[in-house]
Amino acid sequence: MTPFHSVSSIDLGSGRSRRVVPIATMASGFELALTIHVIQGQRPGPTVGVSAMVHGDELDGFLIARELQRTLDTASLKGSVWILGVANPLAMEGNSRNTPIDMLDMNRLFPGAPDGWLSEQQANAMAHEFIDRIEYLIDIHAGGTFPWVDYCYVVNDDGLSRAFLPALLYKPAAGYPGTTATYAEQRGVRCMVVEIGGGYREQDRHVAAGVRGVLNQLRYAGALDGEVERRAGQVLMHEMKVMRPRHGGICLPRRMLAPGEVLPAATPLADIVNPYTLDVLETMVTPYEQNIVVLCRNYATRIHPGDYGFMIGNAATATICPD
Ligand SMILES: [Zn+2]
């Protein structure tokens with residue numbers, strides 16, 4: 001076997017460099033690689049990783065990562081920030097959640113395998129050349145092409161999640177196996193997951209909120225000086241339902257919603273219509289007595305059976321974070 005190129009680093013000057021991590025040679029002959037921007041501060045401190053586009057249709061995280069790469073000031077930075085703006089290049093190219101070559105969800109496969117499916121090879125490269133080399137991980141996701149979302153997961157550091165300044169937080173009883181966060185946690189990396197944006201909505205606002213949130217997390221991690229900003233009244237959800245329809249077709253929302261909105265029991269959210277007979281096949285309704293909108297669809301969209309339709313938190317078991 002032809003040996004792989006090793007990781008290369010390109011010095012861009014002024015404390016900025018770019019690490020290129022080879023993954024595989026595609027059938028086309030193109031070299032598949034991860035590109036990590038490293039911003040090195042002028043004083044010692046932690047290594048903080050920011051990743052985006054583990055799912056290839058979640059663009060908002062890339063926009064936040066790009067803005068951070070462009071604007072972080074090395075003079076005030078302590079330690080370094082590693083930015084992986086496109087963690088799944090083939091999925092990004094295909095505007096697809098999963099990797100088009102093998103149709104696997106990379107974010108269920110960590111730490112992957114160097115001799116596994118291509119998605120496992122990608123996960124393996126990210127695990128060992130990115131997550132193993134950082135002390136904090138901020139992994140940014142979004143709602144994808146159609147849904148719109150706005151909350152953060154709490155994984156193993158409540159303060160790190162709160163410091164992104166979201167209105168909504170979610171701490172599941174057990175995370176999905178094989179995610180970036182699950183692997184990071186196993187490795188002792190302090191980590192959290194951001195879910196912001198999607199549906200091509202309000203991207204400027206999400207980028208501004210994302211940059212402000214990550215800068216605050218850098219203060220929390222000790223990578224920037226200054227007091228950590230706090231947000232009062234943050235809601236911590238413990239129970240959330242991903243509402244996946246049994247029927248695909250055209251999803252017609254009953255009305256516009258926004259993440260954080262509270263809805264009463266049995267509120268109709270959307271009708272799913274057969275595109276040929278025009279029959280309503282299914283009406284999605286809120287599952288709890290009091291419901292917190294976490295992920296929503298605000299426009300008529302194509303929906304598959306099993307897709308992310310809506311995500312709804314249980315307001316009865318949610319708590320307000322202490323000030
Ligand atoms: Zn995602």
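**Figure 1. Helix α1 and its packing partners.** In this predicted model, the buried residues of α1 pack against β4 (43-52), β5, β6 (136-141), β9 (190-197) and α6 (203-220). Those buried residues are L59, D60, G61, F62, L63, I64, A65 and L68. Helix α1 itself covers residues 59-71, and its 13 residues should span 18 Å at 1.5 Å a residue, which agrees with the 19 Å between its end C-alpha atoms. Two of the buried residues of α1, A65 and L68, will turn up again in the view of V50, which touches both.

**Figure 2. Helix α6, with G222 just after the helix.** Here we look at a helix that has 18 residues and reaches 25 Å from its first C-alpha to its last, close to the 26 Å expected at 1.5 Å a residue. Which residues of α6 are buried? They are H206, V207, A209, G210, G213, V214, N216, Q217, L218 and Y220. The cover over these residues includes β4, α1, β6, α4 and β9. Follow the chain just past α6 and you meet G222, which takes a positive phi of about 85°.

**Figure 3. Helix α3 and the elements around its buried residues.** Helix α3 runs over residues 118-129. Its twelve residues reach 16 Å from the first C-alpha to the last, close to the 16 Å expected at 1.5 Å a residue. Buried in α3 are S119, E120, Q121, Q122, A123, A125, M126 and A127. What do the buried residues of α3 pack against? Their partners are the strands β2 (16-25), β3 (31-40) and β5 (78-84), together with helix α5 (180-186). One residue to keep in mind is M126, buried in α3 and among the residues with the most contacts inside the largest nonpolar core.

**Figure 4. V50 and the largest nonpolar core.** The largest nonpolar core has 90 residues. Which residues have the most contacts inside this core? They are V50, V81, M126, I131, Y136, M192 and V294. Where does the core lie? Domain 1 (8-231) and domain 2 (239-320) both give residues to this core, so it lies between them. Zooming in on V50, and leaving aside residues up to four places away in sequence, we find that V50 touches A65, L68, V81, I83, I138, I140 and V214. Familiar names appear in that list: A65 and L68 are buried residues of α1, while V214 is a buried residue of α6.

**Figure 5. The meeting of domain 1 and domain 2.** The domain assignment of the chain gives domain 1 (8-231) and domain 2 (239-320). Taken over C-alpha atoms, the centres of the two domains are separated by 28 Å. Eleven residues of domain 1 are in contact with twelve residues of domain 2. On the side of domain 1 that touches domain 2, β7 (148-154) and β8 (168-170) each supply at least two residues. Which element gives the most to this side of domain 1? That is β7, with four residues. By class, this side of domain 1 has eight nonpolar, two polar and one charged residues.

**Figure 6. V155 in its loop.** V155 sits in the loop between β7 and α4 (158-162). Is V155 buried or exposed? It counts as buried, because V155 has 24 C-beta neighbours inside 10 Å, where 20 or more are needed. Not counting residues up to four places away in sequence, V155 touches G175, A181, E185, C191, M192 and V193. Of these, M192 is also named among the residues with the most contacts inside the largest nonpolar core. G222, the residue with the positive phi just after α6, is 67 residues from V155 in sequence and 19 Å from V155 in space, C-alpha to C-alpha.

**Figure 7. R254 in a loop of domain 2.** R254 is found in the loop between β12 (249-253) and β13 (262-264). With 13 C-beta neighbours inside 10 Å, R254 counts as partly exposed. Setting aside residues up to four places away in sequence, R254 touches P268, L269 and A270. How far apart in space are R254 and D271? Their C-alpha atoms are 7.2 Å apart, with the two positions 17 residues apart in sequence numbering.

Key. Residues numbered from 1 in each chain as written. Predicted model: local features only at pLDDT ≥ 70, side-chain atom pairs only at ≥ 80, totals over all residues. Domains from an automatic or database assignment. Contact = placed C-beta atoms within 7 Å. Nonpolar A, V, L, I, M, F, W, Y, C, P; charged D, E, K, R; others polar. Core = buried A, V, L, I, M, F, W, Y, C linked by C-beta atoms within 7 Å. Buried ≥ 20, exposed ≤ 12 C-beta atoms within 10 Å, placed from the backbone. Expected span 1.5 Å × (residues − 1).
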